[in-house]
Amino acid sequence: MAFNIAENKWEVLTSNYNETQFYKLEEVAKSLITTAPAGRVDEIYDQIADFTYKDGEISEYEAVMLVSLLQKINNNDLLPGRVDEIMSNADIRKFKEISTEIIKLEVMGDSAGYDLAKAIFNVEVGKTNIVEAYETLVKYKINVELRNAVIKLKNTLDNDKNINIITKETGLNRHEIRALFEEIAKKEAI
């Protein structure tokens with residue numbers, strides 16, 4: 001019965017939704033997930049995520065909501081793909097904040113989105129693991145679905161301090177590192 005009430009609230013709210021109602025949306029989404037029958041939890045999450053993604057880029061608040069829902073669901077099989085979806089739909093101006101949320105999840109399995117979020121967080125917030133972040137950039141430089149995250153990571157690494165760390169620890173020269181940055185920048189312009 002609680003699920004039916006939450007479902008009705010969801011229908012009413014989403015039929016005339018605007019961003020000023022976000023906190024109500026978050027409340028109803030959490031209610032939907034916590035009251036959903038066990039066999040429908042993943043379907044309900046997908047419904048909430050699809051609604052959130054429909055306007056294009058998601059805000060940091062929407063990312064916080066989705067991460068919170070994923071923590072409640074605790075479905076490790078679907079988590080890597082769902083994290084990739086969040087990162088591919090992330091507001092490019094809020095990658096730092098969204099990455100900070102995503103790394104709260106313990107993603108088991110291959111997730112380019114998680115790897116990129118972790119690298120962005122480490123470089124931008126922690127100022128650590130610069131070489132690992134560079135290696136992540138090399139690994140995902142041609143990832144089309146997460147193009148904006150790749151560009152963000154490139155931009156985060158592209159400064160003299162980080163380049164000096166990379167050259168010192170990898171043996172690469174500045175020209176080789178800059179060539180990778182330029183390669184990514186050219187793809188950005190396309």
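## Overall fold

What pattern does the chain follow when read along the sequence? Going from start to end, the pattern is α-α-α-α-α-α-α-α-α-α-α. That fits the tally for this predicted model: the secondary structure comes to 11 helices and zero strands.

The C-alpha atoms fill a box of roughly 65 × 30 × 25 Å along the principal axes. Among contacts with a separation of 6 or more, 63% link residues 24 or more positions apart.

## Surface and charge

Turning to the outside, the accessible surface of the chain is about 10200 Å², and carbon and sulfur atoms contribute 48% of that. The chain carries 24 positive and 33 negative side chains, with 5 Å between the centres of the two sets.

## Inside the chain

Of the 190 residues, 45% are buried. The largest nonpolar core has 61 residues, and Tyr45, Ile48, Leu66, Ile86, Met87, Ile102 and Leu157 have the most contacts inside it. In soluble globular proteins, nonpolar side chains tend to be buried together.

Leu157 is a good place to look: leaving aside residues up to four places away in sequence, Leu157 touches Val123, Ile130, Ala133, Tyr134, Leu137, Asn162, Ile163, Ile166 and Phe181.

## A look at helix H3

Helix H3 covers residues 41-53. Its 13 residues reach 18 Å from the first C-alpha to the last, close to the 18 Å expected at 1.5 Å a residue.

Which residues of H3 are buried? They are Val41, Ile44, Tyr45, Ile48, Ala49, Phe51, Thr52 and Tyr53. These buried residues pack against helices H1 (2-15), H2 (22-35), H4 (60-73) and H5 (79-88). Two of them, Tyr45 and Ile48, are also listed among the residues with the most contacts inside the largest nonpolar core.

Definitions and conventions. Residues numbered from 1 in each chain as written. Predicted model: local features only at pLDDT ≥ 70, side-chain atom pairs only at ≥ 80, totals over all residues. Heavy atoms only, no water. Helix = DSSP H or I, 4+ residues; strand = E, 2+ residues; numbered from the N terminus. Buried < 20%, exposed > 50% of the residue type's maximum accessible area, 1.4 Å probe, protein only. Contact = heavy atoms within 4.5 Å. Areas by Shrake-Rupley, 256 points an atom, 1.4 Å probe, with all protein chains shown as cover. Lys, Arg positive; Asp, Glu negative; His and termini not counted. Charge placed at Lys NZ, Arg CZ, Asp CG, Glu CD. Core = buried A, V, L, I, M, F, W, Y, C linked by side-chain atoms within 4.5 Å. Expected span 1.5 Å × (residues − 1).
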